[in-house]
Amino acid sequence: MTDVVSLELIFDDETDSAVRAEWDALVSADLPSQARHRGESNRPHVTLLVRPDLAPFDAAPLEAALPLALRLGAPVLFGRGRNRVIARSVIPTEELLSLHARVHELAGPGADVDHTVPGAWTAHVTLARRVPLERLGDALGVLEERSGEDLAARAVGIRRWDAATKTVTDLVGRGTLESC
């Protein structure tokens, strides 16, 4: 599935900067990192929903759930084969899980990507993609050295990413960074 639409939680400036600092630490160690992705839309986020298409989405009912306090936890690994994705886990709370379920309820039925469906969702913030197995220890070491602790975070908005048109639309909350 290449052309997809996703709904994503975005962070306040402080959280965004903290995640970008982890991206930069990986680059400084000559490791794969999301910092190497130069697209305008690239920013730290938590994906809530992914599907091939999505009708116009009214996110106004979600505004009351923001800002949402979160905690970014230990690194998690995704994938198989010779490479992995490294991400920060997002520790689930009742508020986060309720928001996630409400997003899916408002979106209605669709061909959701399995790992974004309520009950199968692993909330995370991607730090690096395509990390070779032989470099995982190095990457995890950099992240441990950089912080090694949970990170208090705050989600302040929800955006829509359309891969086919390569456009981002802020749906609710503050979607632009005051400083980048």
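**Reading a pocket, a core and a few odd bonds**

Author: Let's start with the largest pocket: strand 1, strand 2, strand 5 (124–132) and strand 6 each supply at least two residues of its lining. Keep in mind that this is a predicted model.

Reader: How do you find a pocket, and what volume does the largest pocket have here?

Author: The general idea is that rolling a probe the size of a water molecule over the atoms shows where empty space is left. In this model, the largest pocket comes out at about 940 Å³. It is lined by 31 residues, and those closest to its centre are Gln34, His45, Thr47, Thr126 and Arg129.

Reader: Which strand gives the largest share of that lining?

Author: That's strand 5, with five residues. You can also sort the lining by chemistry: there are twelve nonpolar, 13 polar and six charged residues.

Reader: Okay, on to the core. Which residues touch the most other members of the largest nonpolar core?

Author: In soluble globular proteins, nonpolar side chains tend to be buried together. Here the largest core has 43 residues, and Leu9 and Leu70 touch the most other members. Helix 1 (residues 13–28) brings the largest share of this core, five residues. Try clicking on Leu70: beyond its neighbours within four places in sequence, Leu70 is in contact with Leu9, Phe11, Val90, Leu96, Leu151, Ala152, Ala153 and Ala155. There's also a second, separate core of five residues, with Val4, Val50, Val113 and Ala163 among them.

Reader: How many salt bridges does the structure hold?

Author: Side chains of opposite charge can pair when their charged atoms come close. This structure holds nine salt bridges. One of them is formed by Asp12 and Arg154, at 3.3 Å from N to O. Asp12 sits in the loop between strand 1 (5–11) and helix 1, while Arg154 belongs to strand 6 (residues 151–162), so this pair ties together parts that are 142 residues apart in sequence.

Reader: Are Asp12 and Arg154 buried or exposed?

Author: Check the relative accessibility against the cut-offs: under 20% is buried and over 50% is exposed, with partly exposed in between. Asp12 has 12%, so it counts as buried. Arg154, at 38%, counts as partly exposed.

Reader: Where are the two partners of the Asp16 and Arg43 pair?

Author: Their side chains meet in a salt bridge of 3.8 Å, N to O. Asp16 is in helix 1 and Arg43 is in the loop between helix 1 and strand 2 (45–51), so the pair links distant parts of the chain, 27 residues apart. Asp16 is buried, with a relative accessible area of 2%, and Arg43 is buried too, at 8%. Now look at Asp30 and Arg36, which also meet in a salt bridge, 3.8 Å from N to O. Asp30 is exposed at 57%, whereas Arg36 is partly exposed at 41%. Bridges that share partners also join Asp16, Arg20 and Arg43 into one network.

Reader: Last thing: the backbone. Which residues does a cis peptide bond join?

Author: Leu66 and Pro67, with omega at about -5 degrees. Pro67 lies in the loop between strand 2 and strand 3 (68–78).

Reader: And where is Arg130, with its positive phi?

Author: Arg130 is found in strand 5, and its phi is near 55 degrees, though Arg130 is a residue other than glycine. With a relative accessible area of 63%, Arg130 is exposed. Lys166 isn't a glycine either, and its phi is about 55 degrees. You'll find Lys166 in the loop between strand 6 and strand 7 (167–173), exposed at 64% relative accessibility.

Terms used:
Residues are numbered from 1 along each chain as its sequence is written. This is a predicted model: local features need pLDDT of at least 70, side-chain atom pairs count only at pLDDT 80 or more; totals for chains, interfaces and linings use all residues. Side-chain values use heavy atoms; hydrogens and water are left out. A nonpolar core is a set of buried Ala, Val, Leu, Ile, Met, Phe, Trp, Tyr and Cys residues joined through side-chain atoms within 4.5 Å. Buried means under 20% relative accessible area, exposed over 50%, partly exposed in between (1.4 Å probe, protein chains only). Helices (H or I, at least four residues) and strands (E, at least two) are DSSP runs, numbered from the N terminus. Contact means heavy atoms within 4.5 Å. A salt bridge is a side-chain nitrogen of Lys or Arg within 4 Å of a carboxyl oxygen of Asp or Glu. On a 1 Å grid over the protein atoms alone, a cavity is a set of points where a 1.4 Å probe fits but cannot get out, and a pocket is an open set with protein on both sides within 12 Å along at least five of seven lines; lining residues have an atom within 4 Å of a point. Grid points are joined across faces, edges and corners, and a volume is the space filled by probe spheres set on the points. Ala, Val, Leu, Ile, Met, Phe, Trp, Tyr, Cys and Pro count as nonpolar, Asp, Glu, Lys and Arg as charged, and the others, Gly among them, as polar.
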